[in-house]
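Subject: Structure handover

Hello,

Please find below the structure I am passing on to you. My notes on what was found in it follow.

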Amino acid sequence: FNEYKSFMDKLDSHKGTIEKEVKLLTDSSLVGLGNEFLHSLGDLRIRLAEEPLSYKKAKQYINYFPETTSKILTQYNRVSKDPQLAAENEKRKGELNQLLHEVIKTTEQVRAKLKADETLNLDVEITAMKKNIEFGGY
């Protein structure tokens, strides 16, 4: 349980940093993507709270993507304010846009996997109960 709680606290901390950094973005398309990522991350967190044992399946994702995304957003916000880097920042904005699309897609894939595992578990339980009933087990 302590590992799960530590895991969720870490996720909440990174989510908070991402929220703060998204508010500082000046490009509306990046703000939209940042908010979409936060929404997806929030949905993943709800899934993990509903099924605490499933955090182990999302561990690799959670240990990398939220923290790295928050670091990238923080660095981008700091660098994008420098007028001397305007040309490079335009390129960085495009790269960040593409990166956020990929991170959102990856987050959705993790959520879908957790949901598929839950569905499979339900199907297995139903099948087992039907077999037990067939054999008159109680």
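Where does Glu-51 lie? Glu-51 sits in the loop that runs between helix 2 and helix 3. Please keep in mind that this is a predicted model. With a relative accessibility of 38%, Glu-51 counts as partly exposed, because the partly exposed class covers what falls between under 20% (buried) and over 50% (exposed). Along the chain, Glu-51 and Leu-33 are 18 residues apart, and 27 Å separates their C-alpha atoms.

Overall layout

The protein has four helices and zero strands, so that from the N terminus the order of elements reads α-α-α-α. Its C-alpha atoms fill a box of roughly 80 × 30 × 20 Å along the principal axes. The radius of gyration is 20 Å, whereas a compact globule of 138 residues would have one near 14 Å. Of the 138 residues, 31% are buried. Among contacts with a separation of 6 or more, 76% are between residues 24 or more positions apart.

The accessible surface comes to about 9,000 Å², and carbon and sulfur atoms hold 56% of that surface. There are 22 positive and 22 negative charges, and the mean positions of the two groups are 3 Å apart.

Helices 1 and 2

Helix 1 covers residues 2-24. Its 23 residues should span 33 Å at 1.5 Å a residue, and the end C-alpha atoms are 33 Å apart, so the two values agree. Buried residues of helix 1 include Tyr-4, Phe-7, Met-8, Leu-11, His-14 and Ile-18. Charged names appear in that buried group too, among them Lys-15 and Glu-21. What do the buried residues of helix 1 pack against? They pack against helix 2 (28-50) and helix 3 (55-80).

Helix 2 also has 23 residues, and from its first C-alpha to its last it reaches 33 Å, close to the 33 Å expected at 1.5 Å a residue. The buried residues in helix 2 include Leu-30, Leu-33, Gly-34, Phe-37, Leu-41 and Arg-47.

Helix 3

Two residues of helix 3 deserve a note. Pro-66 is found in helix 3 and has a relative accessible area of 0%, so it is buried. Leaving aside neighbours within four places in sequence, Pro-66 is in contact with Leu-11, His-14, Ile-18, Leu-41 and Tyr-61. Of these, Leu-11, His-14 and Ile-18 are buried residues of helix 1, and Leu-41 is a buried residue of helix 2. Pro-66 and Asp-12 are 54 residues apart in sequence, with 9.5 Å between their C-alpha atoms.

Thr-69 lies in helix 3 as well. Is Thr-69 buried or exposed? Its relative accessibility is 6%, so Thr-69 counts as buried. Apart from neighbours within four places in sequence, Thr-69 is in contact with Ile-18, Phe-37, Leu-100 and Val-103. Ile-18 thus appears in the contact list of Thr-69 and in that of Pro-66.

Helix 4

Helix 4 covers residues 86-134, and Glu-125 is found in it. Glu-125 has a relative accessible area of 55%, which means that it is exposed. In sequence, Glu-125 and Ala-58 are 67 residues apart, and in space they are 23 Å apart, C-alpha to C-alpha.

Regards

Definitions and conventions
Residues are numbered from 1 along each chain as its sequence is written. This is a predicted model: local features need pLDDT of at least 70, side-chain atom pairs count only at pLDDT 80 or more; totals for chains, interfaces and linings use all residues. Side-chain values use heavy atoms; hydrogens and water are left out. Helices (H or I, at least four residues) and strands (E, at least two) are DSSP runs, numbered from the N terminus. The radius of gyration is taken over C-alpha atoms; the globule rule is 2.2 Å times the number of residues to the power 0.38. Buried means under 20% relative accessible area, exposed over 50%, partly exposed in between (1.4 Å probe, protein chains only). Contact means heavy atoms within 4.5 Å. Accessible areas come from the Shrake-Rupley method with a 1.4 Å probe; for residues, only the protein chains shown count as cover. The place of a charge is taken as NZ of Lys, CZ of Arg, CG of Asp or CD of Glu. The expected span of a helix is 1.5 Å times one less than its number of residues.
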